[in-house]
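Please take a moment to open the model and turn it around before reading on. The paragraphs below are meant as a guided walk, so keep the viewer at hand.

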Amino acid sequence: MKKNCFSIFSPWRKYKILLYLNLTVILLLSQTFCLSAAGLAEGKSGLIDNPQQITVRGTVTDASTKEALPGVNVIISGTTIGAITDASGNFTLEAPNASVKIQFSFIGYIMQEVALAGKTTLNVALESDVAQLSEVVVVGYGVQKKVNLTGAVSSMGSAKLTAVTSPDLSNSMVGKLPGLRVITAGSEPGLYDNRIDIRGWGTMLVVIDGVPRDDFQRIDPSQIESVSILKDASASVYGVKAANGVMLITTKKGEAGKGEITVNSSFGFQKMTDFPRAITNSIDNLILKNEAALVAGNPMPFPDYKLYTGQDPNYPSVDWWGLTVQETMPMNKSDISFSGGTERVTYFVSVGNLHETGIYKTNSLNYDRYNFRSNVTANIVKGLNANVIIGGFLDTRNDPFGSSSFEFMKQVWMQPPYEPIYANNTAPYYYDGQADRNPLTSINSDLTGYRRYRTKSLQTTMSMTYDIPFVKGLQVKGLFAYDLKYGIQSLFRKAYNEYKYNTTSGLYIPTGLNSPTRLQKYFDEWIYTQSQLSLNYKNTFSEGTHSVEGLLLLDRRDGNGDGFMAQRYYSIATIEQLNAGLTDNQATSGVMKVLDANLALVGRLNYGFKSKYLAEFSFRYDGSSLFPADSRWGFFPAVSLGWRISEESFIKDNLSFISNLKLRVSHGVMGDDSGAGGFQFIPGYTYPAGTFKANGSNFPSNYVFDGKTLTSGAVSKGLANPNITWYTATTSNVGIDATLWKGLLDLTFDVFQRKREGLLTTRAETLPSEFGASFPKENLNSDLSRGFELSVGHSKMFSDFSYSVRTNISYAQTRWIHNEQAPATNTYLNWRTINEDRNVNILWGYGYVGQFQTQEEINTAPVQNANGHAALFPGDIKYQDWNEDGMINELDMYPITRNEDPEIYYGLDMTGGWKGLSLNMVLQGATNYSQTATEQLQGPLPWGRNSLTIFLDRWHHQDPLDFSTPWIPGKYPITRDGFGFGPNKLTSPFWSVDVAYLRLKSIELSYTLPQSLVKMIKAKQLRIYTNAYNVVTWKKKGVMFDPEHRGSGTSAENGYKYPVMASYNFGLNLTF
Amino acid sequence: MLLVWPGCTKFLDKTPVDVITETAILSDQAAFTAHMAYLYSQIPFENFSRWIWLDYYTDQMVNCTQDANTSEEYSFDSWKLSYTFIRALNNMIEKMPTATAFTTEAAKTQALGELKFMRAYVYFTLAQRYGGVPLVTEVSPIAKPAELYQARDKASDVYKFIETEMDEAINTMSTDNNVYRFNKWSGLAFKSRAMLHAAAIATYDQVQLDGIIGIPQTEAKHYWESARDAAETLIQSGPYELYDLNTDKVKNYHSLFFDETSANKERIFVDAFLYPIKGHAFDQRTEPFSKRSGEGYGGRFDPTFDMVEQYEYVDNRNGALKIQNPDNTYIQYANPADLFTGKDPRFFASVIFPGAVWLGSPLVIYGNVIQGGVEGGGTGADGLAQPESSATGFYLTKWADPAPPRPVMGGSSDVDFMTIRYSEVLLNYAEAQLELLNEPEARIYINMIRVRAGLPELAGPVTMDDYRKERNIELAYEGRHYWDLKRWRTFDAVIYNTDTYALWPVWNKDLNVYIFRKQKLPSDKYTRTFTSKLYYGKLEGGVIAANPLLIENPGY
């Protein structure tokens, strides 16, 4: 009877467990909510003994192939007693009595329930479920069968995620979930720069294991079970920050059965994608400089340019890029997991490591990450389950102090090749050139110090569920999550010298940089807690005719942060410890950050009639600490309806090729408190006051009253808005799901709109300046987003060959409904500036009608700029005289294109398998956006230094330095000094290029070795794979660089952002 | 579950940790002081904190990145900031009767005096820039914008307000000589400055826009007397002396700006800096080219050739530089510094020049080189004519720290700025006396300044030009000259299509000697014109749109 000890309770044991149950629940409640829950003691009954055990055995097979099915879940209905079939499809379990029903479920097969009816042997054949009608999808606070979904939800399983080896989890999602957009803006190790959103809406809410959390991109894909995105009113049960949609990540759990160890290890390298390069030899550079001088009518500054071959130390030619940047960077990643369990306790434990190196040859830029996760579920007593998930990561990013990657790119692009590496060509006297730093020093941590960013994150979730006896399907659940995160930064600035050489004295003249040596340490702590207490009800009546599900949930979130900084200077630069620093001028600062708190009551009711008519009603009564007590609470309802037309007899009987056809409609309102921080409803004085701005510079709001001590200022916060409240997002969605010919064609189509009202902004009406204060932010603006998503899939299985193809395309556009702006003073300005009812992504500029081909063409063109035609040459940009007034000026601007946010985003996910071989390919692309060149991307010789190689392809004379020779056309205008020539740089399609691209985003080929071979090494499974990311890119002609690199798209970054990487990996996956 | 609801909602009442209530400001001494710290930081003084570069809009100096248009529409966007400041002051002045954050009644009286003086002073800076402005002396509750419109008051009313309020504050403030905050003495000093400005406006300017700008000439005498009386009270009863602690006159004048001890009795009001928690960038901005740190900058304050010639020789009132022989050939100097031998000690204490020793080594400045008898291009380690080096051949060294934390960076300097010093008060007094036709009395004080500087006394009668030249030199680059040119209405005569000249050293490498040329700087950048409309600034962008009752100044 040993096996059954868990279900046989002595009175004392029973009492103890009851006590434990009550204590736990009370503890949980009192910790999570203010009061203990008095009524919960009624959980005391329901622990029923039953000594009549029956041993049941059987085999599960595939109904069509007749092959044994390993891994099938076999469970006694209504209990957690169960087993899993072994490699031969066999199972054994103990049934409490002869009248139970037993469920057989397996992914990709239709679940079967069989009454035991006294038998001890059950052989079951499962029907494959190509239409995946039984697929379960994670939704807000629960799971739902895919067929019963009434909201716009997309999901994916773990296999799709692990087909990509990348440091960033979001890279594994690209192109696979309709409506999810992931743009790789840059790939700097440890920065996680991807731009991710749902339906183009901005930062989404990410919920990991039921709790809103940060840093999802750092999770190891091998730890994830599934990912869902909620795109419409189905997100509204999360409220508060869910107006941009919700991503739900569920991590892996263990499964009952024999323990498994899985080792996954890969190594590979990264390589930058299309990225601009600077000229690497002096002669090319100096020809441009001489040409620019000739254009300006000046003598050539380097008539002896031909001598700069680099052979003679007095005439250097240095390839700075080649000296500083490596072309391939190693990356490796490995993880090991243990999983398994008994019927009562299951576990999944995983640890992983990732190491990446950056582009500097010094390797001073690198990143290391350790992930860990443990997920344990225990069935404590019948009906009572507990789950503890502990996940987290430790990571370290090292960056040389000399320059950030942004500063480095800016500098290495413009570093003149005719400057020597060393003063007097003698190491280690790094030459002090025109740039702030010699590029070789700026990437060297040993010389300049480092910036080290460490993060330690711990995310814990504890939950208990209890099936309330006597009420079938009623369950109470308590959840408490405690997330702790530390950010520890060490910024070590090390003094060093660069040199000039004095030929007369023979001395090296140092320029001190980074002086004095300084160490700054930042320590930040964030704590988030989340508590949920919920009642779930799920039942069916009249033999499945009516299915009812209900949820009532209390949800409380709270966040707090704290931090401080300490700083000391050093006379000895070798000991980078705070205690070794000088006490003179040491500084500390600290800031307590109060984050927000939310409290909500959530309710949801699902009703299904014969799985044909489906309805869901939900509400959220939300409170936020960001608003004053009077306007803090909001009630936000949502409704969605589904009609499974395929269940109607007129389809079922007549059109049998339709396996599933469903129409969905949803509509909901959500309150969102984003942007409402800073206690805007509380008047008072901010202390310590920050800086104030006068004439474009910042000045401190503090004062020295005695010549010795600084007194921080206290500044009025300005006028408060006592009525500040939620903005609302009203989301509507209409969708169709169709599965035809048992999955040969699968289609989902959604049309959506989201209207946001009450967005915070400042009133356009202005108070007179003499009033001395300005309007606070109010809930005034509104906008409207609309779009659609289409996803079409096709899959087919043969005996040892299967493939599936799924493509998706999404389109989204947002326009202002109301944008608070001062009224325009005339009709032209009204058209030009007022953007009410206008798309938000309009880019204004000048029409581009080509480049001038000849001087005659210049002379007869409309007046192009304030200088008339005086300074123009063939090759210069010709603008459209849009208003036909004979001259080009601001009045000729019109909407020329869209900004850098793509409106259309598409993906194609293809998988094929033959025996042990499997191939996965994802193509992804986007269009309806533009990429704008700025600063060094828009002109040669910035600050009179170097140029990007693109500007060699320019209009020039046959002999570039003899202006009497004929013109040779090129892509860019003739060289001018210092960023080129203003009139050539106006915003126009010449610089703001429409982008469309398609990219082979990822490809993976893997081979699972035959069992016979694997058994020889006593393993269960061995899979070897090779994969690549960002492999090939097809882009529209004229797109200058990597189409995703957002550095080249915004004036703020001017292309200096760290490049986008492609990666190539080899790995193996071994399970014991 | 609903049972737990009501008790829970309280936890949404989060309290901001960085916000002090007004009650605390008025009742807690430290909180009140914190608010005072903010208020003091808002006073629009032209010092290191805000507008030290004022004088490079004048003939005194230029910036190496100069753009000829920079003098256009000078108002420095002070309107909105000033009225935000005034609202805070009005609020405090209104609430002072209920304030309890003081241990003594005297402290409370002093605080109210400081608040009132601040308000009077900010109105003075507004009147200097714009002429008459709306006098707002109460905190209005929020209302429809149209109900809050207020027109500009007449300049003479604004100055009357300034005078009355300053007097009221001076009469109640302490006689303790705390140089970091307003007291009776600094009140008198600033009052002499404000009244001198009003008097000059009444004397030299014209009334326009029905009195919104300009003061009737009939009021001139009153303001000259008011300026004289304020200065006189301070001279007679105040605790100040001209700084004269070093026998070496160069060292003395230079130290005047660094001596931050109580021995320096010339300090009346000081804006203090503390490295590294509160620093400024003056050294970084003025640094000679070869002494710059990796952060760059430098060469931003370059005294002009003409300004250098304004400095007298100790034995000759004509300060012209001796660069040519009588036969128009250039004088050759083995040591370039010899060109300046015999200049006013204040020159050596304020300007560094080719050959001057600074931070241990001489500055190497030349713009051309003669080699093998042929003159060609070439640049010394400290310039000329390269980016971020001096444009004129001179760098500023007044306030340049002889021992700053090296290398200097933005925010690494902590030399205090004397916002007003005794010397200015003496000059204010002398000017008022000259204007009131009491030359002998004026001469005494002008000569005090000259003797302290190391120059011989002037024999009488001292002319207005003598006085103005002395003031120009004594207070050079301190931001005063800019306002002097405005109030005397001489700006458009001094800066009218005015070229800027550099001292252009040419190094004869063959002979290792220097010759010097006076060279015009490129006119597209350095030839400037001050048009008469610029005497009053254009109202800051947006303020007229926000208040239609405001009238723009003439010419804009």
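What follows moves from the contact between the chains to a shared sheet, then to helices, cores and a run of paired strands. Please bear in mind throughout that this is a predicted model.

Let us begin where the two chains meet. Here 77 residues of chain A are in contact with 74 residues of chain B. Between them, chain A and chain B bury an area of about 6,200 Å², and carbon and sulfur atoms give 69% of that area. On the chain A side, the residues that lose the most area to chain B are A:Tyr685, A:Phe705 and A:Glu770; together they account for 14% of what that side buries. Charged side chains take part too: the rule finds two salt bridges across the interface of chain A and chain B. For one pairing to look up, try A:Asp558 and B:Lys14, whose side chains meet in a salt bridge at 2.6 Å, N to O.

The two chains also contribute to one sheet. Strands of a sheet pair through backbone hydrogen bonds, either parallel or antiparallel. This open sheet has three strands in the order β37(A)-β32(A)-β1(B), with antiparallel pairing. At its edges stand β37 (715-716) of chain A and β1 (19-20) of chain B; each has a single partner strand, so one side of each is left without a neighbour in the sheet. Strand β32 (residues 685-686) of chain A is joined to β37(A) by two bridges. If you click on A:Thr686, its bridge partner in β37(A) is A:Val715.

Next, look into chain B for helix α5 (residues 105-130), which has 26 residues. From first C-alpha to last, α5(B) reaches 37 Å, close to the 38 Å expected at 1.5 Å a residue. Is this helix enclosed or open to the outside? Of its 26 residues, 21 are buried, so α5(B) is largely enclosed by the rest of the structure. After α5(B) comes B:Gly131, with a positive phi near 90 degrees.

Helix α16 (residues 480-487) of chain B is mostly covered as well, with eight of its eight residues buried. Among these buried residues are B:Arg480, B:Asp484, B:Lys486 and B:Arg487, along with B:Trp483 and B:Leu485. The cover over the buried residues of α16(B) includes α5, α7 (184-204) and α13 (422-435) of chain B. Just after α16(B), B:Arg489 has a positive phi of about 60 degrees.

Now for the nonpolar interior. In soluble globular proteins, nonpolar side chains tend to be buried together. The largest nonpolar core in this model has 180 residues, and B:Leu39, B:Tyr123 and B:Phe182 have the most contacts inside it. Leaving out residues up to four places away in sequence, B:Phe182 touches a set of residues that includes B:Tyr40, B:Phe117, B:Met173 and B:Phe269. A second, separate core has 36 residues, including A:Ala278, A:Val412, A:Phe951 and A:Phe990.

To finish, follow three strands of chain A. Strand β17 (residues 257-272) runs antiparallel to strand β18 (residues 328-341), and 13 bridges join them; in β18(A), A:Ser339 is the bridge partner of A:Glu260. Eleven bridges then join β18(A) to strand β19 (residues 345-357), again in antiparallel fashion, with A:Ser334 paired to A:Asn353 in β19(A). The hairpin joining β18(A) to β19(A) passes through three residues.

Methods: Residues are numbered from 1 along each chain as its sequence is written. Chains are lettered from A and ligands numbered from 1 in the order in which they are written. This is a predicted model: local features need pLDDT of at least 70, side-chain atom pairs count only at pLDDT 80 or more; totals for chains, interfaces and linings use all residues. Side-chain values use heavy atoms; hydrogens and water are left out. Helices (H or I, at least four residues) and strands (E, at least two) are DSSP runs, numbered from the N terminus. The expected span of a helix is 1.5 Å times one less than its number of residues. Buried means under 20% relative accessible area, exposed over 50%, partly exposed in between (1.4 Å probe, protein chains only). Two strands pair if DSSP finds at least two bridges between them. A nonpolar core is a set of buried Ala, Val, Leu, Ile, Met, Phe, Trp, Tyr and Cys residues joined through side-chain atoms within 4.5 Å. Contact means heavy atoms within 4.5 Å. Buried area is the accessible area (1.4 Å probe) that two parts lose on being put together, summed over both. A salt bridge is a side-chain nitrogen of Lys or Arg within 4 Å of a carboxyl oxygen of Asp or Glu.
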